Amino acid sequence: VYLLFQALRQISQRTISTASRRQLENRISENQKLFQEDNGLPVHLKGGAKDSLLYRTTAGLTLFGTMYTVYYLLVSSLPKKPN
């Protein structure tokens, strides 16, 4: 049991220590140049196709939700027919 615990401790330490050595590339200046560029696009679409797809999906879901809400408000406002 002690050997198993010691092995698990070594694995966890090895994972943490190698993760802390990895350096992530700093891309803030690249993103600043991209978003500050004057190309006539609104800021929410400057990220490319992924931003455009996300924007269109959000707009579509919002439109669908609004129509669904209005439909159920209309259905709820009408009296039920007696059987």
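**Confidence, fold and an aromatic cluster in helix α3**

Among the elements of the protein, helix α3 has the highest mean pLDDT, 96, and helix α1 (residues 2–21) the lowest, 70. The model is predicted. Its pLDDT averages 85 over the protein. A score of at least 70 is reached by 89% of the residues.

The fold is helical. The protein holds 3 helices and 0 strands. Along the sequence, the pattern reads α-α-α. Burial is scarce: of the 83 residues, 1% count as buried. The exposed area of the protein is about 8400 Å². Carbon and sulfur atoms supply 63% of that area.

One annotated segment was examined. An unreviewed UniProt entry carries the annotation "transmembrane region" for residues 53–74. In the model, this span is 100% helix and 0% strand. Its end C-alpha atoms lie 32 Å apart. Helix α3 itself comprises residues 49–77.

Aromatic contacts were then considered. The search of the whole structure returned 3 aromatic pairs. F64 and Y68 form a stacked pair, because their planes meet at 20°, under the 30 degrees cut-off, with ring centres 5.8 Å apart. Both residues belong to helix α3. They are 4 residues apart in the sequence, about one turn of the helix. Y71 and Y72 pair in another geometry, edge-to-face. Here the centres are 5.2 Å apart and the planes stand at 85°. Ring pairs join F64, Y68, Y71 and Y72 into a cluster.

Solvent exposure was computed for two of the tyrosines. Y68 has a relative accessible area of 46% and is partly exposed. For Y72 the value is 41%, again partly exposed. Both classes follow from the cut-offs, because partly exposed covers the range between under 20% and over 50%.

The cluster residues also appear in a surface feature. A nonpolar patch of about 770 Å² is made by L63, F64, M67, Y68, Y71, Y72 and V75. Among its members, M67 is found in helix α3, as are F64 and Y68. Y68 thus takes part in the stacked pair with F64, in the ring cluster and in the nonpolar patch. Y72 has its edge-to-face partner in Y71, and both tyrosines contribute to the patch. The helix that carries F64 and Y68 is also the element with the highest mean pLDDT.

Methods. Residues are numbered from 1 along each chain as its sequence is written. This is a predicted model: local features need pLDDT of at least 70, side-chain atom pairs count only at pLDDT 80 or more; totals for chains, interfaces and linings use all residues. Side-chain values use heavy atoms; hydrogens and water are left out. UniProt positions are given in the numbering used here, feature names are shortened, and annotations may be inferred rather than shown by experiment. Helices (H or I, at least four residues) and strands (E, at least two) are DSSP runs, numbered from the N terminus. Buried means under 20% relative accessible area, exposed over 50%, partly exposed in between (1.4 Å probe, protein chains only). Accessible areas come from the Shrake-Rupley method with a 1.4 Å probe; for residues, only the protein chains shown count as cover. Rings of Phe, Tyr and Trp (its six-membered ring) pair if their centres lie within 6.5 Å; planes under 30 degrees apart count as stacked, over 60 as edge-to-face and the rest as tilted. Patches are made of residues with over 30% relative accessible area and no salt bridge: like charges are joined within 9 Å, nonpolar side chains (Val, Leu, Ile, Met, Phe, Trp, Tyr) within 5 Å. A salt bridge is a side-chain nitrogen of Lys or Arg within 4 Å of a carboxyl oxygen of Asp or Glu. pLDDT is the predictor's confidence in each residue, from 0 to 100.
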